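Thanks for coming. I will go through one model this morning, one region at a time, and you can follow along on the screen.

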Amino acid sequence: MVGTPCQMVAATKMDKLLDEEFPVDIKIGLFCMENFSYSYMKEMLKEYDVDIKDVTECRIEKGFAWFFLTEDRTVKIPLSKAKKCVRKNCTVCMDFTSELSDVSVGSVGSPEGWSTVIIRTEKGLKLIEAAEKDNYIQTKPIADSGLKIMEKLAKEKKSESKEEIKKRERVGRPVLYRREIFGDEYENEVSNCTFQDLKGDVVDIGACVLCGACVYACPEEAVAIKDRKPELVGKCVEGCNACYVACPRTYIPDEILSKEADNKPFGDYIKIVSVKAPMVKGQDGGVATALLTYALSSDMVDNAMIVDKSSIEPWKPEAKITDNIAEVLKASGTKYSACPIFKPLKESKEGGS
């Protein structure tokens with residue numbers, strides 16, 4: 001799967017903490033400062049006389065949100081203005097570089113046309129080395145100046161989010177995923193937590209990341225995302241805390257995400273390189289797309305979880321699972337709105353595939 005830092009947290013929690021086998025084998029995380037509300041962004045564009053259906057590409061860089069439109073038109077909106085569309089949950093996220101992924105990919109720190117890749121696990125290293133050997137990607141050392149830019153942004157995100165977390169905690173709005181908690185203590189805290197606890201601790205206070213992990217984890221199909229938030233549509237099974245455990249904004253055991261990571265701008269990693277994919281025309285070197293296509297074509301994975309654009313609502317992100325490389329290529333490019341990425345994984349499980 002390819003996803004944002006919070007989605008990487010959810011995938012890691014489900015893999016390590018739920019009883020059933022979690023099918024995601026390789027996690028490709030994206031650099032992420034914040035995500036935007038689709039409805040708010042749509043309304044903001046109207047202020048600039050832009051219909052969102054005319055947007056062909058969106059990029060966040062150099063202090064602006066750039067919207068590339070049909071007929072070779074471009075509208076740039078100051079990021080300070082676009083910030084009003086940022087979802088509330090993003091302001092408490094401490095992770096810029098998807099620290100719980102196997103491989104992290106982002107444009108910051110590398111030359112134009114290249115991506116910065118942080119290799120975090122042996123599995124991630126194997127993917128990068130194999131893809132380079134088969135000419136899907138090219139790598140080169142990252143410049144010290146690029147690392148300094150990355151470090152500055154990562155530290156800024158950690159610092160600003162830490163201040164927001166302190167502010168929320170002072171007024172009684174808990175940020176549970178940042179609480180230091182260990183083994184037995186964690187088990188005691190979450191053992192009796194149902195969807196109602198998830199609703200009170202996360203959804204009702206604007207901390208939901210809309211990833212759909214709660215929908216995927218529920219064994220009774222009692223949770224669904226409606227009206228842009230998770231809702232209970234069935235009955236919770238007594239003793240089941242799967243939705244609460246899966247959520248990236250509830251408690252995370254220190255064994256999974258140690259608070260010592262606060263002192264590491266990029267988290268733990270093996271090495272950092274600059275990468276581009278000559279065969280893929282992508283937004284920032286096409287690296288994430290190239291890695292997906294290589295993993296599929298080499299039978300390293302059976303399917304890929306991707307985020308494409310909805311065919312019904314223009315530019316709205318839509319998650320899907322595919323083994324079709326053409327679909328992977330079509331879905332390339334960043335979508336800056338929240339997306340329930342685990343929803344199609346649930347549908348796949350229900351369908352028995």
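Which residue in β5 is the bridge partner of Ala65? That partner is Ile77. Before I go further, please keep in mind that this is a predicted model.

I will stay with the sheet that this pair belongs to. The sheet is open and has 3 strands, in the order β3-β4-β5, and the pairing is antiparallel. The edges are β3, residues 55–61, and β5, residues 73–78, each of which pairs on one side only. On average, neighbouring strands are turned by 20° against each other, ignoring direction.

Take the β4 to β5 side. Strand β4 covers residues 64–69, and 6 bridges join β4 to β5 in antiparallel fashion. Besides the pair I opened with, Phe64 has Pro78 in β5 as its bridge partner. The hairpin of β4 and β5 has 3 residues between the strands, and in this hairpin Glu71 takes a positive phi near 60°.

Now the other side of β4. Here too there are 6 bridges, joining β3 to β4, and these strands run antiparallel. One pair to look at is Val55, which stands opposite Leu69 in β4. The hairpin of β3 and β4 has 2 residues between the strands, and Lys62 has a positive phi there, near 55°.

What do the side chains along β4 do? They alternate. Ala65, Phe67 and Leu69 point to one face and are buried. Phe64, Trp66 and Phe68 point to the other face and are not buried.

A helix also packs on this sheet. That is α2, residues 38–47, which touches β3, β4 and β5. The direction of α2 makes about 75° with that of β4.

Just before that helix there is a residue I want to point out. Asn35 sits in the loop between β2, residues 28–30, and α2. Is Asn35 buried or exposed? Its relative accessible area is 14%, under the 20% cut-off, so Asn35 counts as buried. Setting aside residues up to four places away in sequence, Asn35 touches Thr4, Cys85, Val86, Arg87, Cys90, Tyr336, Ser337 and Ala338. With Ser337 there is a specific distance to note: the backbone nitrogen of Ser337 lies 3.1 Å from a polar atom of the Asn35 side chain.

A second residue to look at is Gln7, in helix α1, residues 5–17. Gln7 has 8% relative accessibility, so it counts as buried. Leaving out neighbours within four places in sequence, Gln7 is in contact with Met1, Val2, Cys211, Cys339, Ile341 and Phe342. The Gln7 side chain reaches the backbone oxygen of Cys339 at 3.4 Å. The C-alpha atoms of Gln7 and Leu30 are separated by 9.8 Å, and these two residues are 23 apart along the chain.

Next, a helix pair. In general, two packed helices are described by the angle between their axes and the distance between the axes. For α4, residues 122–133, and α10, residues 287–297, the axes come within 10 Å and cross at roughly 85°. The two helices are therefore roughly perpendicular to each other. Which residues meet where α4 and α10 touch? From α4 they are Leu127, Ile128, Ala130 and Ala131, and from α10 they are Leu291, Tyr294 and Ala295. By class, the residues of this contact divide into 7 nonpolar, no polar and no charged.

Last, back to backbone angles. Most residues other than glycine have a negative phi. I have already mentioned Lys62, with its positive phi near 55°, and Glu71, with a positive phi near 60°. Two further residues can be put next to them. Ser98, which is not a glycine, has a positive phi near 55°. Ser98 is found in the loop between α3, residues 79–82, and β6, residues 103–106. Asp299, also not a glycine, has a positive phi of about 60°. Asp299 is in the loop between α10 and β12, residues 304–309.

How accessible are these two? Ser98 is at 0% relative accessibility, so it counts as buried. Asp299 has a relative accessible area of 65%, so it is exposed.

That is the end of my walk through the model. I can put any of these regions back on the screen.

Technical notes
Residues are numbered from 1 along each chain as its sequence is written. This is a predicted model: local features need pLDDT of at least 70, side-chain atom pairs count only at pLDDT 80 or more; totals for chains, interfaces and linings use all residues. Side-chain values use heavy atoms; hydrogens and water are left out. Axes are lines fitted to C-alpha atoms, for helices over the stretch in contact, and angles run from 0 to 180 degrees between N-to-C directions. Helices (H or I, at least four residues) and strands (E, at least two) are DSSP runs, numbered from the N terminus. Angles under 35 degrees count as roughly parallel, over 145 as roughly antiparallel, 65 to 115 as roughly perpendicular and the rest as oblique. Contact means heavy atoms within 4.5 Å. Ala, Val, Leu, Ile, Met, Phe, Trp, Tyr, Cys and Pro count as nonpolar, Asp, Glu, Lys and Arg as charged, and the others, Gly among them, as polar. Two strands pair if DSSP finds at least two bridges between them. Buried means under 20% relative accessible area, exposed over 50%, partly exposed in between (1.4 Å probe, protein chains only). A polar contact is a pair of N or O atoms within 3.5 Å; within protein, one must be able to donate a hydrogen and the other to accept it, and residues adjacent in sequence count only if both atoms are side-chain atoms.
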